[in-house]
Amino acid sequence: MRVDLFHTYKVQFYRSNAHIPNKEALLFEIVFLGTSASAPSVHRGLSSQVVIHDEFRFLIDCGEGTQRQILQSGLGFKRLNRVLITHGHLDHILGLAGLLSTFMRWETIDKLEIYGGQWALDRISDLIYSIVLRGAKPPMDLQLLQIKAGIIFDEDDFTVTAFPVWHRGPDCFGYLFEEKTRRPFLPEKADELSIPPGPWRRDLVNGKSITLPDGRVIHPDQVLGEERPGSRLAHVGDVGRTDELLQAVRDVDTLIIEATYMQEETEMAEKFAHLTARQAAELAVTAGVKYLILTHISRRYRERDVLAEAQAVFPHTIVARDFDAFQVRRGECMKVEQIKEAANAK
Ligand SMILES: [Zn+2]
Ligand SMILES: [Zn+2]
């Protein structure tokens, strides 16, 4: 029942969001497509999630079975042409083969960019060119793009920054999504000044002074509010150490990070370069993050035990399930179902 209700709502949610003017959409959304560690379980698919900001969509990792999860989530393949890879382990990349195979029969996108460290891209290149394509032409403009730590996307109102992550194998990355600081447009001030809607208001929003037909000169300061810092969302895939992450994830509104083990198996966690739920929660405390979402959950544990271990250290913790969706705003992380409840209550 939960899935049915959620699915129905989610479709509405994405539709309604399309109507929000770009400048007003001060948020990132994250949809979890797969939340299992290493192998899928009955309830969890392999690692994959989508981060959405305005018309931008970033698929982070693409474990086996991701294309079916995309269909089930109601997201669809449209505009899903940027893939950010955390690292080259098979539980994070095998789904790219299936996705490409589908695109070869049924073209839905004209460009696919896959970003990652060199080690991950080498393996992805083998998978795509040796196994899937075998000499055939890619069904779209396909690019494997090597990244280094630093800003990898700098758009009008947000940036995506890659930062190094310590796991088994070189070149593993986490991703930080940050909205740029901006000054909101105050329509009531514009009305008071009798500024007609249209290009004049747009110029003011963009920081340009305007001259109205009646000769009055209006400066942006007259219609813009106080500077508002944007929201910040950090995603860390598999990782075995938290000390090097501190700077990258400090004070973020939401941190998504793996919790493959529990404290009773710390040695295993160390051996395979993963975190325990408790270590993830301790990072959240030390880094001063607002909300913590745990993923990459092992089927050896019960979800509620993982949650309890983390919440004992950091109460604002959620364990993600497949198809969970969240909105991340400044100081806030809201599950989409809660928004649904709020809408129903009106
Ligand atoms: Zn993994
Ligand atoms: Zn891994």
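## Notebook: two sheets and a few buried residues

I began in the middle of a sheet, where A234 stands opposite L255 of strand β13. Everything I note here comes from a predicted model.

**Entry 1, strand β12.** A234 belongs to β12, which covers residues 232-235, and I looked up which way its side chains point: R232 and A234 go one way, L233 and H235 go the other way, and all are buried. I then asked which strands pair with β12 and in what sense. With strand β13 (residues 254-258) the pairing is parallel and runs over 3 bridges, while with strand β9 (residues 172-179) the pairing is antiparallel and runs over 4 bridges. On the β9 side I could name one bridge, in which F177 has L233 of β12 as its partner.

**Entry 2, the sheet around β12.** Moving outward, I traced an open sheet of 7 strands, in the order β7-β8-β9-β12-β13-β14-β15, with mixed pairing. Which strands stand at its edges? They are β7 (150-154) and β15 (317-319), each with a single partner strand, so one side of each is left without a neighbour in the sheet. Direction ignored, neighbouring strands here are turned by 20° against each other on average.

Next I followed β13 to its other partner, and found that β13 and β14 pair in the parallel sense over 5 bridges. In one of these pairings T254 has Y291 of β14 as its bridge partner. Helix α10 (residues 277-287) packs on this sheet and touches β13, β14 and β15, with its direction at about 155° to that of β14. Helix α11 packs on the sheet as well, touching β14 and β15, and its direction makes about 165° with that of β15.

**Entry 3, two positive phi values.** I looked for residues other than glycine with a positive phi and noted D171, where phi is near 60°. D171 is in the loop between β8 (158-165) and β9. Is D171 buried or exposed? It has 21 other C-beta atoms within 10 Å, and the cut-off for a buried residue is 20 or more, so D171 is buried.

H296, also not a glycine, has a positive phi of about 60°, and I located H296 in the loop between β14 (291-295) and α11 (303-311). H296 counts as buried because it has 31 C-beta neighbours inside 10 Å.

**Entry 4, the second sheet.** I then turned to another open sheet, in which 8 strands follow the order β6-β5-β4-β3-β2-β1-β16-β17 and the pairing is mixed. At the edges stand β6 (141-146) and β17 (332-335), and each has a single partner strand, so one side of each has no neighbour in the sheet. From one strand to the next, the twist averages 20°.

Within this sheet I checked strand β4 (residues 82-84), which pairs with β5 in the parallel sense over 3 bridges; there the bridge partner of V83 is I114 of β5. Helix α2 packs on the sheet by touching β1 (28-34) and β2 (48-53), and its direction makes about 125° with that of β1.

**Entry 5, I114.** Having met I114 as a bridge partner of V83, I looked at it more closely. I114 is in strand β5, residues 111-116, and counts as buried because 23 C-beta neighbours lie inside 10 Å. What does I114 touch, leaving aside its neighbours within four places in sequence? I found contacts with V83, I85, I124, L144 and L145. I also noted I60, which is 54 residues away from I114 along the chain, with 9.8 Å between the two C-alpha atoms.

**Entry 6, helix α2.** Returning to the helix that packs against β1 and β2, I listed the buried residues of α2 (residues 66-73) as T66, Q67, Q69, I70 and S73. Seen down the axis of α2, these buried residues fall within an arc of 160°, so they line one face of the helix. I set beside this the rule that an α-helix has 3.6 residues a turn, so residues three or four places apart point the same way. After α2 comes G74, with a positive phi near 85°.

**Entry 7, the whole chain.** Last, I looked up the totals. The chain has 12 helices and 17 strands, and 41% of its 346 residues count as buried. Among contacts with a separation of 6 or more, residues 24 or more positions apart account for 66%.

Note on methods. Residues numbered from 1 in each chain as written. Chains lettered and ligands numbered in written order. Predicted model: local features only at pLDDT ≥ 70, side-chain atom pairs only at ≥ 80, totals over all residues. Buried ≥ 20, exposed ≤ 12 C-beta atoms within 10 Å, placed from the backbone. Pairing = 2+ DSSP bridges. Arc of directions from axis to C-beta. Contact = placed C-beta atoms within 7 Å. Axes fitted to C-alpha atoms, helices over the stretch in contact; angles between N-to-C directions.
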